[in-house]
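Visitor: I would like a close look at a single part of this model, explained with care and set in the context of its surroundings.

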Amino acid sequence: MTRKIHTITLNYYDKLLKKYGYSPGSVGWGHKKGKQSLRFEILCQIGNINNSSILDVGCGFGDLFGYLKYKKSKIKYLGVDINSNLIEIGKKIYPKANLKVLDIGQTKSKQKFDWVFFSGISSKGCTYPYIKRMMTKMFSLCKKGIAMNFVGGVIDFKSKDLFYSDVGKIYSITSTLSNRVTIRHDYAPYEFTVYVYKNTKKTSNNIFKDFLESSNFIFDDSLWHPNYNK
Ligand SMILES: C[S@@+](CC[C@H](N)C(=O)[O-])C[C@H]1O[C@@H](n2cnc3c(N)ncnc32)[C@H](O)[C@@H]1O
């Protein structure tokens with residue numbers, strides 16, 4: 001089944017590459033300005049990515065590396081993709097990026113990364129069991145969390161080339177990995193992003209410790225509540 005999905009995926013992006021060459025169009029993002037940056041930015045908002053290592057699964061040309069360099073983020077980056085044609089071009093465009101042809105489903109490598117991202121798994125041929133396998137593998141390779149985006153939501157038009165994910169079904173996959181999950185469907189109508197976090201330690205009153213430590217808020221009801229302790 002995985003091989004069939006990979007064959008469909010390889011053919012799909014090879015066809016786009018032939019048509020558009022090095023362009024966001026070849027990785028399925030169309031030509032309207034800003035959408036690729038938007039998706040990258042939302043992935044990066046998973047947490048503090050500065051001084052961290054990132055594995056970019058399905059990296060295409062490795063454009064996330066270009067985006068992170070533009071933002072002056074200090075990161076250790078590895079981009080992997082099953083499509084060698086995209087990777088070969090990416091290596092020329094971003095000679096400083098570490099880009100490899102690799103199917104993470106097949107790798108035996110135990111190397112871990114702080115964050116593991118996948119921007120754009122939604123091409124035709126995708127299935128929920130495949131998404132679950134990919135997410136489970138990505139989660140096993142991360143130290144802090146994974147971020148992944150999907151086409152889906154309330155849709156009034158469907159392209160025959162895409163797999164449309166149901167938010168609820170994706171949430172039920174993520175809940176097999178962690179009970180600390182964010183679903184972002186606030187930035188565009190026909191797509192959404194999920195963050196799944198590894199650190200699920202909680203305080204005695206059931207707040208995620210990592211959330212408290214990374215927030216700038218002081219969660220102390222006695223500071224503001226007029227009836228506190230009465
Ligand atoms: C929509 S494109 C996005 C490329 C890149 N993430 C970007 O945003 O510029 C999806 C990419 O995922 C790759 N891909 C799909 N399934 C994959 C898998 N199982 N492992 C690695 N790459 C995969 C495709 O070859 C394609 O390059």
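How many bridges join strand β1 to β4, and in which sense, parallel or antiparallel, do the two run?

Guide: The model is a predicted one, and in it four bridges join strand β1, residues 52-57, to β4, the two running parallel. A residue pair that shows this contact is L55 and V116, with L55 standing opposite V116 in β4.

Strand β4 itself covers residues 113-119, and seven of its seven residues are buried. The cut-off behind that word is 20 or more other C-beta atoms within 10 Å of a residue's own. For the chain as a whole, 33% of the 230 residues count as buried, which gives a background against which the covering of β4 can be read.

β4 also pairs with strand β5, residues 142-151, again in the parallel sense, here over six bridges. Two pairs can be picked out in the structure: F113 stands opposite C142 in β5, and S119 has N149 of β5 as its bridge partner. The connection between these two strands passes through helix α5, residues 128-140, and together β4, α5 and β5 make a right-handed β-α-β unit. As a general point, the side chains of a regular strand alternate between the two faces of the sheet.

With a partner strand in β1 and another in β5, β4 takes its place in an open sheet of seven strands, whose order is β3-β2-β1-β4-β5-β7-β6 and whose pairing is mixed. At the edges stand β3 (98-101) and β6 (181-184), each of which has a single partner strand, so that one side of each is left without a neighbour in the sheet. Neighbouring strands of this sheet are turned against each other by 15° on average, if direction is ignored.

The C-terminal residue of β4 leads on to the ligand, because S119, the last residue in the range 113-119, is listed with V27, G58, G60 and G120 as the closest of the 20 residues that surround the ligand. By class, this shell is made up of nine nonpolar, eight polar and three charged residues. Among the elements that contribute to the shell, α1 (2-20) and β2 each supply at least two residues.

Following the chain from its start, one meets seven helices and seven strands, in the pattern α-α-β-α-β-α-β-β-α-β-α-β-β-α. The C-alpha trace spans about 70 × 40 × 35 Å along its principal axes. The radius of gyration is 19 Å, which agrees with the value near 17 Å that a compact globule of 230 residues would have.

Away from β4, two loop residues deserve a careful look at their backbone. K72, which is not a glycine, has a positive phi of about 60°, and its place is in the loop between α3 (63-70) and β2 (75-81). N206 likewise has a positive phi, near 60°, in a residue other than glycine, and it lies in the loop between β7 (191-197) and α7 (209-214). Most residues other than glycine have a negative phi. K72 counts as exposed because it has 7 C-beta neighbours inside 10 Å, and N206 is exposed too, with 6 other C-beta atoms within 10 Å.

Methods: Residues numbered from 1 in each chain as written. Predicted model: local features only at pLDDT ≥ 70, side-chain atom pairs only at ≥ 80, totals over all residues. Buried ≥ 20, exposed ≤ 12 C-beta atoms within 10 Å, placed from the backbone. Near = placed C-beta within 6 Å. Nonpolar A, V, L, I, M, F, W, Y, C, P; charged D, E, K, R; others polar. Pairing = 2+ DSSP bridges. Right-handed = clockwise from strand over helix to strand, strands pointing away. Axes fitted to C-alpha atoms, helices over the stretch in contact; angles between N-to-C directions. Rg over C-alpha atoms; globule rule 2.2 N^0.38 Å.
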